[in-house]
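Here are some notes to read alongside the structure, written as numbered points for someone meeting a model of this kind early in their studies. Please keep the structure open while you go through them.

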Amino acid sequence: MIQEAPDRNLALDLVRVTEAAALSSSRWLGRGDKVQGDKAAVDAMRLSFNALEIRGTVVIGEGEKDEAPMLYNGEKLGTGKGPEMDVAVDPVEGTRLLAYGRPNAIAVVALAPKGSMYDPGPAYYMKKLVVPAQAKYQVDIKMPVAENLRKVARAIGKAVDDLVVFVLDKPRHRDLISEIRQAGARIQLHTDGDVAGALMAVTPGGDVDVMMGTGGTPEGVLAATAIRVMGGEMQGMLDPQSEEETKALLNAGYNLNQVLTLEEMISSDDVFFAATGISGGTFLKGVEFTGEGAITHSMVMRGRTGTFRRIEALHSFDKLMRVSAIKYR
């Protein structure tokens, strides 16, 4: 059998992008200005992408060009050399978390071969169900909440009342929260951050077992990249939250009754994912300033090999700023 030589692991380049975004945006931690915090992350991320050997197109970004002067859908990233890739970015996942100094704000980027990343179009919201690898193929997003929780509990060897479910603390989840409590499971309510919530549900040894509820469609596709690498399961259904969004989806030919599988959201295994903590938390530690530099904490994944790395990096600002145009202080 001929052994194939390993090709370049773009995830190890990608983490430099999320580290730069985290370092820049963390200066705005707790300052109450989510716009400036996000802008700092976007500027650093765009500059870092300039060195990445890809021909990238943003599929999951911050809106169309005329609405978001930042990393917009359709924007070209990378050096213009190398593989053609779909790009998903969230420079600050949890801008309000950053602005108010709350846990679990992260910088996130994912890459997939061109044409393999689901394009949400006008879909802003998606109903999601995320479970760890042990519960794969055991759940169905259309089943009652209690039944799904029983199946997850059985699959991972816990009682239902030992389960912890990640739910966004939104008025739309009033009935969902009631159903989870009636089933006997416990709940972690979070104001924002459903990419982090999805990853928490599939990360071994974490304190969340399931993620349920409606969050951003772009965030769902971004999270799906990592979930595919980690062997978990994610199901989604477009869940428009306004009449305007519903009309836009129907006019564009989207089926609101379709259950989107993980493979439909990300149709290739040759994916790359990186996330770096900004504000810290149990999921990923945040940026720690040392006086002379900072320490960052990241997770990095490569789909082709199934490799999952945790990276702690020490950054010296004096040296870093000699070779980088990004102002870290």
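1. In what sense do strand β12 and strand β13 pair, and over how many bridges? Bearing in mind that this is a predicted model, the answer is that β12 (residues 293-302) and β13 (residues 307-316) pair in the antiparallel sense, over ten bridges. One of the residue pairs to look for is Gly293, whose bridge partner in β13 is Ser316. The two strands form a hairpin with four residues between them, and in the turn Gly306 has a positive phi of about 70°.

2. A second pairing worth tracing joins strand β5 (residues 125-131) to β9, again in the antiparallel sense, here over six bridges. Within this pairing, Met126 has Leu238 of β9 as its bridge partner.

3. Strand β9 spans residues 233-238, and six of its six residues are buried. Both of its faces are covered, with Glu233, Gln235 and Met237 buried on one side, and Met234, Gly236 and Leu238 buried on the other.

4. Glu233 deserves a careful look, since a charged residue in a buried place invites the question of which groups surround its side chain. Glu233 has no salt bridge, because such a bridge needs a side-chain nitrogen of Lys or Arg within 4 Å of a carboxyl oxygen, and the nearest side chain of opposite charge, that of Lys136, is 6.8 Å away. There are, however, polar partners: a polar atom of the Glu233 side chain lies 2.5 Å from the backbone nitrogen of Tyr137, and the side chain of Glu233 also makes a polar contact, at 2.8 Å, with the side chain of Gln235. Leaving aside neighbours within four places in sequence, the residues in contact with Glu233 include Leu129, Val130, Ala135, Val139 and Ile227.

5. The largest nonpolar core has 47 residues, and those that touch the most other members are Met117, Val130, Ile227, Leu238, Phe273, Phe283 and Met299. Helix α7 (residues 217-230) gives the largest share of this core, eight residues. Apart from it lies another core, of 39 residues, among them Leu52, Leu77, Ala274 and Ile278. As general background, nonpolar side chains in soluble globular proteins tend to be buried together.

6. Val130 links several of these points, as it is among the core residues that touch the most other members. Beyond its neighbours within four places in sequence, Val130 is in contact with residues including Ala198, Val202, Met211 and Ile227, and also with Glu233 and Met234.

Conventions: Residues are numbered from 1 along each chain as its sequence is written. This is a predicted model: local features need pLDDT of at least 70, side-chain atom pairs count only at pLDDT 80 or more; totals for chains, interfaces and linings use all residues. Side-chain values use heavy atoms; hydrogens and water are left out. Buried means under 20% relative accessible area, exposed over 50%, partly exposed in between (1.4 Å probe, protein chains only). Lys and Arg count as positive and Asp and Glu as negative; His and the chain ends are not counted. A polar contact is a pair of N or O atoms within 3.5 Å; within protein, one must be able to donate a hydrogen and the other to accept it, and residues adjacent in sequence count only if both atoms are side-chain atoms. Contact means heavy atoms within 4.5 Å. A nonpolar core is a set of buried Ala, Val, Leu, Ile, Met, Phe, Trp, Tyr and Cys residues joined through side-chain atoms within 4.5 Å. Two strands pair if DSSP finds at least two bridges between them.
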